[in-house]
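Dear colleague,

I am handing over the structure that we spoke about, and you will find its sequence and coordinates directly below. After that I set out what was found, beginning with one pair of residues and then widening the view.

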Amino acid sequence: MVTTLTVHRTRRMVAPLALCLALIAGAVQAAASTGDVAKAFVEEVSTRAIGIISDKGATKAEREAQFGKLLDEKADMDRIAAFALGQYLRTPTPEQKAEYLGLVRTFIVKVYVTRLSDYNDEKLDVLGAKEKGDKQAIVQSEIKFTNGREPVTVDWWLIKNDGDFKIFDVNVVGIWLAQEQRSTFTSVIRNNGGDFNALLGHLRAQIEKAEAGEVPGANASN
């Protein structure tokens, strides 16, 4: 029987791999349909990302630099960061917003690279795509593991930005990760009387844990 704890652990283990796999797509044919382009985006991810993950000759700092570059190129970080603030989108000052965007990027890079350090030669198979107009698509895929564990289904929510697809969210074991992060971030602000600095402190604490080699939960609220 799949328990809530099992689902939570599976999601925490697979989510960083899923996100990394989605960050590294290359060029696709402009003439293809939205669904075909979306599938090509994710298909190329599975080849190129695993090469980075499996490069044990690279230092953690080098992997972080590569991951950060890919994050900047392939994920719509401004949209994700704004979405994660929910009703508090207009709460931060311009200075706080600038710091928040930097901390969110660093948080994702350091936490996910720490989690990815034990992965080797996993494979992602694209199963299909559902178009949402001509600018969005949901791509269904499956991560297969070399150690014999059961495959995990992962859905990608892709949005076109300036003509190219960008990652907006990833669904692992029925949970949309950006939406879960939104719940965490808004809870931190709300539980601290609307003080946006509390969220900045929360992100700094998670980054420090990752730098120390710990693996803080993506949805940790303290």
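A good place to begin is I138, which stands opposite W157 in β3. Please keep in mind as you read that this is a predicted model.

I138 also has a partner on another strand, for it is the residue in β2 that forms the bridge pair with K130. The strands around these residues can be described in turn: β1, covering residues 123-132, runs antiparallel to β2, covering residues 136-144, and the two are joined by 9 bridges. Between β1 and β2 lie 3 residues, so placed that the two strands form a hairpin, and G133 in the turn has a positive phi of about 75 degrees. On to the next pairing, β2 and β3 (residues 152-161) are likewise antiparallel, with 8 bridges between them.

As for the chain that holds these strands, the protein has 7 helices and 5 strands, and their order from the N terminus is α-α-α-α-α-β-β-β-β-β-α-α. In other words, five helices precede the five strands, and two helices follow them.

Some totals for the protein chain may also be useful to you. Of its 222 residues, 49% count as buried, while the chain exposes about 10800 Å², of which carbon and sulfur atoms supply 49%. Where contacts join residues at least 6 apart in sequence, 61% of them are between residues at least 24 apart.

With kind regards

How values were computed
Residues are numbered from 1 along each chain as its sequence is written. This is a predicted model: local features need pLDDT of at least 70, side-chain atom pairs count only at pLDDT 80 or more; totals for chains, interfaces and linings use all residues. Side-chain values use heavy atoms; hydrogens and water are left out. Helices (H or I, at least four residues) and strands (E, at least two) are DSSP runs, numbered from the N terminus. Buried means under 20% relative accessible area, exposed over 50%, partly exposed in between (1.4 Å probe, protein chains only). Contact means heavy atoms within 4.5 Å. Accessible areas come from the Shrake-Rupley method with a 1.4 Å probe; for residues, only the protein chains shown count as cover. Two strands pair if DSSP finds at least two bridges between them.
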